Amino acid sequence: MNHERSRELYDRALSVAPGGVNSSVRAIQPYPFFVEKGDGGHVIDADGNRYLDFVMGYGPLLLGHDLPEQVQSAIQQRAAEGPMYGAPTEVEVELAEFVARHVPSVEMVRFVNSGTEATVSAVRLARGYTGRDKIVIMQGSYHGAQESTLVEGEGCHTSPSSPGIPESFAEHTITVPFNDPEYVEGVFENHGDEIAAVLTEPILGNHGIVHPVEGYHETLRDLCDDYGSLLIFDEVITGFRVGGPQCAQGKFGIEPDVTTFGKIVGGGFPVGAIGGKSEIVESFTPAGDVFQSGTFSGHPVTMAAGLETLRYAAENDVWEQVNELGAQMREGLTDIVADRAPEYTVVGSDSMFKVIFTRDGASGENHCGSGCRQRESCPSYDACPKNGADVDRAETERWERLFWPAMKDQGVFLTPNQFESQFVSAAHTEADIEEALEAYKEAL
Ligand code: PLP
């Protein structure tokens with residue numbers, strides 16, 4: 001594969017952008033390929049190489065790179081009519097109505113511009129609403145580049161995980177192992193009256209993928225109810241991907257108090273959103289007194305892209321289609337892993353998938369890949385990672401050899417980080433999945 005042009009571009013980028021990129025995970029060594037354009041389920045790089053794309057922009061591209069006519073024309077029309085106004089538009093009301101109609105716990109929505117902004121605002125909302133400071137988060141979860149959740153350590157013994165964050169932020173953050181009900185119960189026994197919120201991804205999508213075991217989210221729900229804390233589901237990845245338009249909370253039958261969205265809800269444009277019961281979300285200014293504001297929030301082009309993407313998905317059985325492709329991928333990978341690398345595990349559900357290079361915390365048969373979280377009905381329940389620590393033991397250097405060059409050189413683009421989810425889109429075909437599986441077989 002020729003990468004001359006990408007190499008040149010990376011050299012140029014290194015002199016004008018820190019690390020040559022605008023998001024750290026994109027800085028693949030020795031150099032990333034630069035994308036020229038997308039095409040259905042593929043991307044084409046600056047040297048004309050074509051790759052099957054399972055990064056899909058890190059999740060926003062439910063429909064892939066070729067947007068259907070109705071989505072494209074809505075975006076183009078909005079952009080042609082002047083990109084934004086600093087005044088409300090009908091399309092933001094329509095998108096909020098769509099979200100409130102489909103997501104069980106959501107009555108009202110505030111749109112922002114990124115998943116990070118959504119989680120920052122949700123934490124402020126919970127603190128303002130409850131009058132408390134502490135938040136509980138899961139070890140191995142990711143909630144964007146925000147001060148309160150960029151922490152390391154366990155329980156109350158946390159410190160910032162990045163220079164530039166004052167210790168005092170971490171003082172208010174308690175970390176707990178995902179899927180450990182006794183641990184979080186203990187935290188509430190000691191600190192329940194100080195806890196503003198439990199913030200969790202319904203499925204850890206940035207560190208695994210790790211599914212909740214049966215009853216875990218129910219425990220979090222009960223604890224929050226008992227102690228007057230808010231349960232915040234960070235559905236930035238899972239929103240409008242896992243569980244279709246009802247999102248992961250619909251799939252698991254749990255109603256959080258507050259939900260954060262991003263990625264798919266903006267149809268590929270910068271977006272975030274905070275949704276929940278009116279009584280809580282109306283604490284945001286100007287209805288309430290918890291400050292929240294933004295020049296670009298509810299941007300008309302983004303709102304149009306998100307609304308038409310979700311409408312198209314609902315009208316065209318897109319979730320069924322992508323979930324079937326996801327199942328085809330996970331089943332195929334499970335067979336390949338059983339044959340070629342039985343020490344590894346296939347994880348994911350709906351249209352999310354990943355091979356993790358560990359079976360620590362795992363035993364017995366290969367994971368079935370269904371994400372069913374049922375101890376009784378899943379013959380391979382024990383093979384699933386249950387928390388961030390199980391995943392941390394993965395052989396990350398093997399992943400680095402697999403995704404790049406082994407898969408990239410066969411024309412398959414996977415997420416550079418061992419822990420981050422990959423996605424199938426409606427633009428992929430069964431033949432694309434078979435092609436990717438052949439490449440995995442070869443690489444493994
Ligand atoms: N929350 C979760 C669960 C995420 O996966 C991400 C990003 O991947 C974020 C928050 C942050 O979103 P953004 O990158 O749009 O700021």
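**Exercise 1. Locate P405 and describe the peptide bond before it.**

Solution. P405 sits in helix α13 (residues 396–407). Helices here are DSSP runs of H or I with at least four residues, strands are E runs of at least two, and both are numbered from the N terminus. The bond joining W404 and P405 is cis, with omega about 20°. The model is predicted: local features need pLDDT of at least 70, side-chain atom pairs count only at pLDDT 80 or more, and totals for chains, interfaces and linings use all residues. Residues are numbered from 1 along each chain as its sequence is written.

**Exercise 2. Find where P286 lies and state the geometry of the T285 to P286 bond.**

Solution. Start with the place: P286 is in the loop between α9 (278–281) and α10 (300–315). Then the bond: T285 to P286 is cis, with omega near 5°. Most peptide bonds are trans.

**Exercise 3. Is K263 buried or exposed? Describe its setting.**

Solution. First, the place: K263 is in the loop between β11 (258–262) and β12 (272–276). Next, count neighbours. K263 has 27 C-beta neighbours inside 10 Å, so K263 is buried. The cut-offs are 20 or more other C-beta atoms within 10 Å for buried, 12 or fewer for exposed, and partly exposed in between, with C-beta atoms placed from the backbone. Now the contacts (C-beta atoms, placed from the backbone, within 7 Å). Leaving out residues up to four places away in sequence, K263 touches G59, P60, G115, V236, I237 and G239. Its phi is near 45°, a positive value in a residue other than glycine. Finally, the record: an unreviewed UniProt entry annotates K263 as "modified residue: N6-(pyridoxal phosphate)lysine". Such annotations may be inferred rather than shown by experiment.

**Exercise 4. Classify T116 by exposure and list its contacts.**

Solution. T116 belongs to helix α4. With 19 other C-beta atoms within 10 Å, T116 is partly exposed. Beyond its neighbours within four places in sequence, T116 contacts G144, A145 and Q146. The C-alpha atoms of T116 and G272 are 7.5 Å apart, across 156 residues of chain.

**Exercise 5. How do the axes of α6 and α7 cross?**

Solution. Take α6 (residues 181–191) and α7 (residues 216–227): their axes come within 10 Å and cross at roughly 10°. Axes are lines fitted to C-alpha atoms over the stretch in contact, and angles run from 0 to 180 degrees between N-to-C directions. That angle makes α6 roughly parallel to α7. Angles under 35 degrees count as roughly parallel, over 145 as roughly antiparallel, 65 to 115 as roughly perpendicular and the rest as oblique. P181, V184, E185 and F188 of α6 meet Y216, T219, L220, L223 and Y227 of α7.

How values were computed
Two residues are in contact if their C-beta atoms, placed from the backbone, lie within 7 Å.
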